[in-house]
Amino acid sequence: IIAAGAFVFFVPGYALTELIFSTRKVASYMERVMLSIIFSLIFTPIVGLVLNYSPIGLSLNAILIVMSLSSISIAVVATYRKFWYISTRSRSRNII
């Protein structure tokens with residue numbers, strides 16, 4: 001139950017936070033944790049609403065699959081952005 005709560009209330013929001021703040025050091029660690037919880041509380045009902053009106057329907061398996069795929073895809077995009085930003089920044093330092 002604790003792992004499921006972390007998955008629903010933290011992981012999607014953390015992936016979104018990393019996507020938004022991946023290239024900037026604007027938010028501290030505690031601010032990122034709070035933003036992760038807030039973004040998760042916004043993101044999870046939106047996924048449920050979309051599933052409710054889709055032909056798939058609102059079932060436990062559909063929620064699990066959609067939340068997993070969306071969290072993983074957002075995290076992959078955030079990681080790509082972060083590493084791309086770090087690599088271009090290190091290349092620009094080597095040129096100058």
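# Exercises on a four-helix predicted model

The mean pLDDT of the protein is 84, and 84% of its residues reach 70 or more. pLDDT is the predictor's confidence in each residue, from 0 to 100. This is a predicted model: local features need pLDDT of at least 70, side-chain atom pairs count only at pLDDT 80 or more, and totals for chains, interfaces and linings use all residues. Residues are numbered from 1 along each chain as its sequence is written, and side-chain values use heavy atoms, with hydrogens and water left out.

## Exercise 1. Elements and confidence

Task: list the elements of the protein from the N terminus on, and find which has the lowest mean pLDDT and which the highest.

Solution.
- Step 1. Assign the elements. Helices (H or I, at least four residues) and strands (E, at least two) are DSSP runs, numbered from the N terminus.
- Step 2. Count them. The protein has four helices and zero strands.
- Step 3. Put them in order. The run is α-α-α-α.
- Step 4. Rank by confidence. Helix α1 (residues 2-9) has the lowest mean pLDDT, 80. Helix α3 has the highest, 90.
- Step 5. Keep a caution in mind. Where pLDDT is low, the predicted coordinates should not be read in detail.

## Exercise 2. Surface and contacts

Task: state what share of the 96 residues counts as buried, and how much of the accessible surface belongs to carbon and sulfur atoms.

Solution.
- Step 1. Set the classes. Buried means under 20% relative accessible area, exposed over 50%, and partly exposed in between (1.4 Å probe, protein chains only).
- Step 2. Apply them. Of the 96 residues, 25% count as buried.
- Step 3. Take the surface. Accessible areas come from the Shrake-Rupley method with a 1.4 Å probe; for residues, only the protein chains shown count as cover. The total is about 6900 Å², and 76% of it belongs to carbon and sulfur atoms.
- Step 4. Turn to contacts (heavy atoms within 4.5 Å). Among contacts with a separation of 6 or more, 62% come from residues 24 or more positions apart.

## Exercise 3. Helix α3 and the core

Task: check the span of α3 against expectation, then trace the largest nonpolar core.

Solution.
- Step 1. Compute the expected span: 1.5 Å times one less than the number of residues.
- Step 2. Compare. Helix α3 (residues 29-52) has 24 residues and reaches 34 Å from its first C-alpha to its last, close to the 34 Å expected.
- Step 3. Find the buried positions of α3. They are Arg32, Val33, Ser36, Ser40, Phe43, Val47, Gly48 and Leu51.
- Step 4. Look at Ser36. This α3 residue is buried because its relative accessible area is 0%. Ser36 touches Phe9, Phe10, Gly13, Tyr14 and Thr17, not counting residues up to four places away in sequence.
- Step 5. Build the core. A nonpolar core is a set of buried Ala, Val, Leu, Ile, Met, Phe, Trp, Tyr and Cys residues joined through side-chain atoms within 4.5 Å. The largest one has eight residues: Ala15, Leu16, Phe43, Val47, Leu51, Ala62, Met67 and Ile74.
- Step 6. Name the contributors. At least two residues of this core come from each of α2 (11-20), α3 and α4 (60-95).
- Step 7. Inspect one member. Ala62 touches Leu51, Ile56 and Gly57, leaving aside residues up to four places away in sequence.

## Exercise 4. Salt bridges around Glu18

Task: identify the salt bridges and say which parts of the chain the Glu18–Arg32 pair ties together.

Solution.
- Step 1. Apply the rule: a side-chain nitrogen of Lys or Arg within 4 Å of a carboxyl oxygen of Asp or Glu. The count comes to two salt bridges.
- Step 2. Take the pair Glu18 and Arg32. Their closest N and O atoms are 2.8 Å apart. Glu18 lies in helix α2 and Arg32 in helix α3, so the pair ties together parts that are 14 residues apart in sequence.
- Step 3. Take Lys82 and Glu18. Here the closest N and O atoms are 2.6 Å apart. This pair links distant parts of the chain, Lys82 in α4 and Glu18 in α2, 64 residues apart.
- Step 4. Join the pairs. Glu18, Arg32 and Lys82 are linked in a network of salt bridges.
- Step 5. Check exposure. Glu18 counts as buried because its relative accessibility is 10%. Lys82 counts as partly exposed, at 30%.
- Step 6. List the neighbours. Glu18 touches Arg32, Ala78 and Lys82, not counting residues up to four places away in sequence.
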